[in-house]
Amino acid sequence: MELWQEMLRRSVDSGKDLVERFGFDKDLAERLNKLFHIRINPYYLSLIRYPGDPIWLQCIPDEQELQEDGLPEDPLAEDSHSPVPSIVHRYPDRVLFLTTSQCSMYCRFCTRKRKVGDSSKINMKYIQGGIDYIASRPEVRDVIMSGGDPLMLTDFMLERIIAGLRAIPHVEIIRLGTKMPCVLPQRITPKLVRMLKKYHPIYVNTHFNHPWECTPEAKRACELLADGGIPVGNQAVLMKGVNDNADVMLELVRKLLVMRVRPYYLYQADITKGANHFRTPVSVGLEIMDKLRGHTSGLAIPHFVIDAPGGGGKIPLLPQYVLGRNGNQVILRNYKYDIYVYPDVEEEPGVETPTVEKKFTRKKSRPVKIYEPDKAKV
Ligand SMILES: *Cc1c(COP(=O)(O)O)cnc(C)c1O
Ligand code: SF4
């Protein structure tokens, strides 16, 4: 058994553990345990500094998860974009490939709470179906292995799946969505990286949410990946009490760059049943973005996105930099709120510009569709 597997075995993972180690009331612990899996491995547990801190909030169950909030279990309508059980196909040229239901830690804020940890919903037996689906769709050039956490698979299984994907000529890139560099960095071994390297181009997107997670162990894991030629990106989730603060986020993105991880997305927390207590007002995210851009390396700036309820995909949000127009002039402001007037280029009406072929012309008028969370099809 490898070290990481041994560590997983020593996880806190039951209602009984909650009672004995964290002083939970027995009945509450049972109810929480039934609702969504608990798993905190000894490494991640060691990052907790005090009860209720940003690490604790992400991994220790909370009474608020039991609230009857009436929110959807599948807020992104992934099930209705699922042509076969292991695939979510929402965008034209790329798919999510769910390869395991297991995670090295069960995050309390998880969007896929309804599926994750449930092997009747995500299962090895659906993997061949996923590979066949991708092979049958020549437009799929990017496959994102997700789950669960694909690095919960053994190196052997993982290689079989990746080799299967690589054998499909139209699959250009393979991405692994994994929390391992953050929650169980011991999973990233030289042996794993040697295997992955054979199937380039491979990208990894990982999931750090707080600067305390940027430990020497995590750094070593990210560096191993980078040394293997694997670009590592980070997808953070904005969460109340964890990282809903510009100073914390600034520290996080700077530390990520030092670990050779490029901040990629900052997600607004999804409207998920049992995770509503993590949500922040949209204005908080915009304010954080405003305090990052210009104040630190452009490389450190993620895209702030909301995954549209009902399955519209990720929608980027930016603070307002265009203040208005004055005839030919665009009124802009910079990161310090200084105002600039930019003379725009005017194209003469009726004169065709003989430059690049306009491939993506916008349709003139399209019927406007409005989705509201309670009316969105699930
Ligand atoms: C996030 C996501 C992707 C990948 O999106 P990128 O913006 O390319 O990173 C693909 N499919 C689904 C269903 C997703 O939710
Ligand atoms: S690792 Fe990802 S899929 Fe697993 S519980 Fe955390 S957020 Fe959910």
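In this predicted model, Ile339 counts as exposed, at 54% relative accessibility. Because exposure is assigned over 50%, the value of 54% places Ile339 in that class. Ile339 belongs to strand β12, which spans residues 339–343. Beyond the residues up to four places away in sequence, Ile339 touches Leu323, Ile331, Leu332 and Arg333. Of these contacts, Leu323 is separated from Ile339 by 16 residues in sequence, and the two C-alpha atoms lie 8.7 Å apart.

Ile162 presents the opposite case with respect to solvent. This residue is found in helix α7 and counts as buried, at 0% relative accessibility. The assignment follows because buried residues are those under 20% relative accessible area, and Ile162 has 0%. When neighbours within four places in sequence are left aside, the contacts of Ile162 are Met145, Ile174, Leu196, Tyr199 and Ile202. Met145 and Ile162 are 17 residues apart in sequence, with a C-alpha to C-alpha separation of 9.1 Å.

The largest nonpolar core contains 94 residues, among which Phe97, Ile134 and Leu165 touch the most other members. The greatest contribution to this core comes from helix α11 (residues 246–258), which supplies 6 residues. The surroundings of Phe97 were examined further. Excluding residues up to four places away in sequence, Phe97 touches Ile134 and Leu165, together with Ile87, Ile127, Ile131, Val143, Ile144, Met145 and Ile161. Ser86, Gly130 and Ser146 are also touched by Phe97. Met145 thus appears both in the contacts of Phe97 and in those of Ile162.

Ligand 2 takes up the space of the largest pocket. The residues around this ligand include three cysteines, Cys103, Cys107 and Cys110. Met105, Tyr106, Val116, Gly148 and Lys179 complete the set around ligand 2. By class, the shell consists of 6 nonpolar residues, 1 polar residue and 1 charged residue. Gly148, one of the residues around ligand 2, is located in the loop between β3 (142–147) and α7 (155–166). The peptide bond joining Gly147 and Gly148 is cis, with an omega of about 15 degrees.

A further cis peptide bond runs from His200 to Pro201, where omega is near -5 degrees. Pro201 lies in the loop between α9 (190–197) and β5 (202–206). Such features merit description because most peptide bonds are trans, and most residues other than glycine have a negative phi.

With regard to phi, two residues that are not glycine were examined. Ala77 has a positive phi of about 50 degrees and is located in the loop between α5 (54–59) and β1 (87–88). Its relative accessible area is 1%, and Ala77 is therefore buried. Arg260 likewise has a positive phi, of about 65 degrees. The position of Arg260 is in the loop between α11 and β7 (261–268). Unlike Ala77, which is buried, Arg260 counts as partly exposed, at 40% relative accessibility. This intermediate class applies because 40% falls between the limits of 20% and 50%.

Terms used:
Residues are numbered from 1 along each chain as its sequence is written. Chains are lettered from A and ligands numbered from 1 in the order in which they are written. This is a predicted model: local features need pLDDT of at least 70, side-chain atom pairs count only at pLDDT 80 or more; totals for chains, interfaces and linings use all residues. Side-chain values use heavy atoms; hydrogens and water are left out. A nonpolar core is a set of buried Ala, Val, Leu, Ile, Met, Phe, Trp, Tyr and Cys residues joined through side-chain atoms within 4.5 Å. Buried means under 20% relative accessible area, exposed over 50%, partly exposed in between (1.4 Å probe, protein chains only). Helices (H or I, at least four residues) and strands (E, at least two) are DSSP runs, numbered from the N terminus. Contact means heavy atoms within 4.5 Å. A residue is near a molecule or strand if one of its heavy atoms lies within 4 Å of it. On a 1 Å grid over the protein atoms alone, a cavity is a set of points where a 1.4 Å probe fits but cannot get out, and a pocket is an open set with protein on both sides within 12 Å along at least five of seven lines; lining residues have an atom within 4 Å of a point. A molecule sits in a cavity or pocket if more than half of its atoms lie within 2 Å of its grid points. Ala, Val, Leu, Ile, Met, Phe, Trp, Tyr, Cys and Pro count as nonpolar, Asp, Glu, Lys and Arg as charged, and the others, Gly among them, as polar.
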